[in-house]
Amino acid sequence: YGAVGDCFSWGSWMIRRGAPAGVAVESALIVYRYATAHLHFTHACFEVHRENVSVRRFHERFGAVREREDGKNIHYRLSGAAIAASMRRLERFLPAPIDVLAA
């Protein structure tokens, strides 16, 4: 959701306590693969609450860059190049691709 031109936001997610290790990385990579390969977005734009340091670090490890800050949020942009680099670096977390449009 939150598509503006060639930029998308995938919103928030919650991970159940006891979920397998790596589920956050896997779910992020799946979203990025679908958004870039199937929906043809070129980058992601999103915001994270300033106090949510662990989520900020998570996105920054993917290569997200701070664009601006307001009273309670930090606004990020994740380039297509950063998404592609993360996909290569973390591909072991990805399940085999499926053709979701063929169903």
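**Exercise 1. The largest pocket**

Which element gives the most to the lining of the largest pocket, and with how many residues? Describe the pocket as well.

*Solution.* The model is a predicted one.

Step 1. Begin with the space itself: the largest pocket holds about 390 Å³.

Step 2. Turn to the lining, which is made up of 19 residues. Nearest the centre of the pocket lie Gly 11, Ser 12, Phe 46, Glu 47 and Val 48.

Step 3. Assign the lining to elements. At least two residues each come from strand S2 (43-49), helix H2 (53-61), strand S3 (65-69) and strand S4 (73-78). The greatest contribution is that of S2, with 5 residues.

Step 4. Sort the lining by class: 8 residues are nonpolar, 8 are polar and 3 are charged.

**Exercise 2. Helix H1 and its buried side**

Determine which residues of H1 are buried, and where they lie around the axis.

*Solution.*

Step 1. Establish the extent of the helix. H1 runs over residues 23-38. Its 16 residues reach 22 Å from the first C-alpha to the last, close to the 22 Å expected at 1.5 Å a residue.

Step 2. List the buried residues of H1: Ala 24, Val 25, Ala 28, Leu 29, Tyr 32 and Ala 35. They lie on the same side of H1, because the arc they cover around the axis is only 135°.

Step 3. Recall the general rule. An α-helix has 3.6 residues a turn, so residues three or four places apart point the same way.

Step 4. Identify the packing partners. The buried residues of H1 pack against strand S1 (7-8), S2, H2, S4 and helix H3 (80-89).

**Exercise 3. Ala 28 within H1**

Is Ala 28 buried or exposed? State which residues it touches.

*Solution.*

Step 1. Apply the cut-off: a residue is buried when its relative accessible area is under 20%. Ala 28 has a relative accessible area of 0%, and therefore it is buried.

Step 2. Find the contacts. Leaving aside residues up to four places away in sequence, Ala 28 touches Trp 10, Phe 58 and Phe 62.

Step 3. Compare positions along the chain and in space. Ala 28 and Arg 89 are 61 residues apart along the chain, and their C-alpha atoms are separated by 13 Å.

**Exercise 4. The two sides of helix H3**

Name the buried residues of H3 and the exposed residues on the face turned away from them.

*Solution.*

Step 1. The buried residues of H3 are Ala 82, Ile 83, Ser 86 and Met 87. Because they cover an arc of only 140° around the axis, they fall on the same side of H3.

Step 2. The face turned away from this buried side carries the exposed residues Ala 81 and Arg 88.

Step 3. The cover over the buried residues of H3 includes H1, S2 and S4.

Step 4. Take Ser 86 as an example. Its relative accessible area is 2%, so Ser 86 is buried. Apart from residues up to four places away in sequence, Ser 86 touches Leu 29, Phe 62 and Glu 91.

**Exercise 5. The backbone at His 40**

Where is His 40 found, and what is notable about its phi?

*Solution.*

Step 1. His 40 is located in the loop between H1 and S2, just after H1.

Step 2. Most residues other than glycine have a negative phi. His 40, a residue other than glycine, has a positive phi near 65°.

Step 3. Exposed means over 50% relative accessible area. His 40 counts as exposed because its relative accessibility is 59%.

Conventions
Residues are numbered from 1 along each chain as its sequence is written. This is a predicted model: local features need pLDDT of at least 70, side-chain atom pairs count only at pLDDT 80 or more; totals for chains, interfaces and linings use all residues. Side-chain values use heavy atoms; hydrogens and water are left out. On a 1 Å grid over the protein atoms alone, a cavity is a set of points where a 1.4 Å probe fits but cannot get out, and a pocket is an open set with protein on both sides within 12 Å along at least five of seven lines; lining residues have an atom within 4 Å of a point. Grid points are joined across faces, edges and corners, and a volume is the space filled by probe spheres set on the points. Helices (H or I, at least four residues) and strands (E, at least two) are DSSP runs, numbered from the N terminus. Ala, Val, Leu, Ile, Met, Phe, Trp, Tyr, Cys and Pro count as nonpolar, Asp, Glu, Lys and Arg as charged, and the others, Gly among them, as polar. Buried means under 20% relative accessible area, exposed over 50%, partly exposed in between (1.4 Å probe, protein chains only). Contact means heavy atoms within 4.5 Å. The expected span of a helix is 1.5 Å times one less than its number of residues. The arc is that of the directions from the helix axis to the C-beta atoms.
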